[in-house]
Amino acid sequence: MARQATIVLNCVGPYRFYGEPVVKACIENGTSCIDISGEPQFLELMYWKYHQKAAEKGVYIIGSSGFDSIPADMGVIYTSNKINGTLTAVESFLTINSGPEGLCIHDGTWKSAVYGFGNQNQLKKLRNQSNLKPVPIVGAKLKRRWPVSYCRELSSYSIPFLGADVSVVKRTQRYLHENLDQSPVQYAAYVTVGGITSVIKLMFAGLFFLLFVKFGIGRQLLIRFPWLFSFGYFSKQGPTQKQIDAASFTMTFFGQGYSHTCPIENNKPNIRVCTQVKGPEAGYIATPIAMVQAAMTLLNDVSNLPSVGGVFTPGAAFAKTKLIDRLNKRGLEFSVISSSEV
């Protein structure tokens, strides 16, 4: 049964400039809030500043409820639910598929990235000040891949995914461990980039980006000419309707863990599982689907939400709800590809 409630869906970014006044106003007025931020500094800052206040008001502030980072966060939870044992580590690989007219992303995402990387020292300072205890590593430690690596299972080169997914998933796993006594899952995120030509192209774009983002004038140039510095991937106009219609994404999860009969200590993982989340174009189709279904879940699955309000990741808020079922019915498909015990 749905309850009478007010929810604000905040789609306006960059959130480092426009997000906090909305969060503050929602809490003061007893209103829950869902946003689609992919900015770790904003998301983590909102937790430290407003979690207790939101809890006192009994409202839910749930960030990153779009393409960043519902597929990744709920994908790890889905994988954990589908393994016949204890999931201890997951690698995700994002593949963006485009049609004959190619791929283009609106420069709003580009601006968030420019400001985010340009102010990384602030995020590091925030994390140092939080003084959190490390989440325990269960089972074999997940080895990080090289900055450019080849994924044999997907027949593609990959690079680390620099969005909010890792930050969000780690916060979810901390919450599930500390509040629900669940075994934490190690996580690493990558994005596939195709063949060696694409790797070289992205390396040049990345070098330009990292060089320019360190300086004020460089950031101004990046923001003013997104199409030039991103080699055409970002523009102020965003994608055309044909590009949107032809685009899709696949996020593949490779998990490892231990069966119920295999002791975790001093043993290698003896279970492998592969799952996927597939969906339509990420920014203009998948994100609205994810956001609206998150809001519907907040309204209808009251008994399965955290017992008190606060500032939450999608996984922390919706782990026990029917959000994945809702997404499956509306075009974001969660599925098991393979599962095996070694």
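In the charge counts used here, Lys and Arg are positive and Asp and Glu negative, with His and the chain ends left out.

**View 1. Charged side chains of the predicted model.** This is a predicted model, and its protein chain carries 34 positive and 22 negative side chains. Take the centre of each set, and the two points lie 5 Å apart.

**View 2. The fold as a whole.** Welcome to the protein chain, built with 14 helices and 13 strands. Its radius of gyration is 20 Å, close to the 20 Å that the globule rule gives for 342 residues, so the chain is as compact as a globular protein of that length. Along the principal axes, the C-alpha atoms fill a box of roughly 55 × 50 × 40 Å.

**View 3. Inside and contacts.** Of the 342 residues in the protein chain, 48% are buried. Look next at the contacts between residues at least 6 apart in sequence: 80% of them join residues at least 24 apart.

**View 4. The outer surface.** The protein chain offers an accessible surface of about 17400 Å². Carbon and sulfur atoms account for 55% of that area.

**View 5. A close look at Glu 56.** Find helix H3, which covers residues 40-57, and you will find Glu 56 within that helix. Glu 56 has a relative accessibility of 61%, and because exposed means over 50%, this residue counts as exposed.

**View 6. Glu 56 and Gly 30.** Here are two residues that sit 26 residues apart along the chain, Glu 56 and Gly 30. Their C-alpha atoms are separated by 9.7 Å.

Conventions. Residues numbered from 1 in each chain as written. Predicted model: local features only at pLDDT ≥ 70, side-chain atom pairs only at ≥ 80, totals over all residues. Heavy atoms only, no water. Helix = DSSP H or I, 4+ residues; strand = E, 2+ residues; numbered from the N terminus. Rg over C-alpha atoms; globule rule 2.2 N^0.38 Å. Buried < 20%, exposed > 50% of the residue type's maximum accessible area, 1.4 Å probe, protein only. Contact = heavy atoms within 4.5 Å. Areas by Shrake-Rupley, 256 points an atom, 1.4 Å probe, with all protein chains shown as cover. Charge placed at Lys NZ, Arg CZ, Asp CG, Glu CD.
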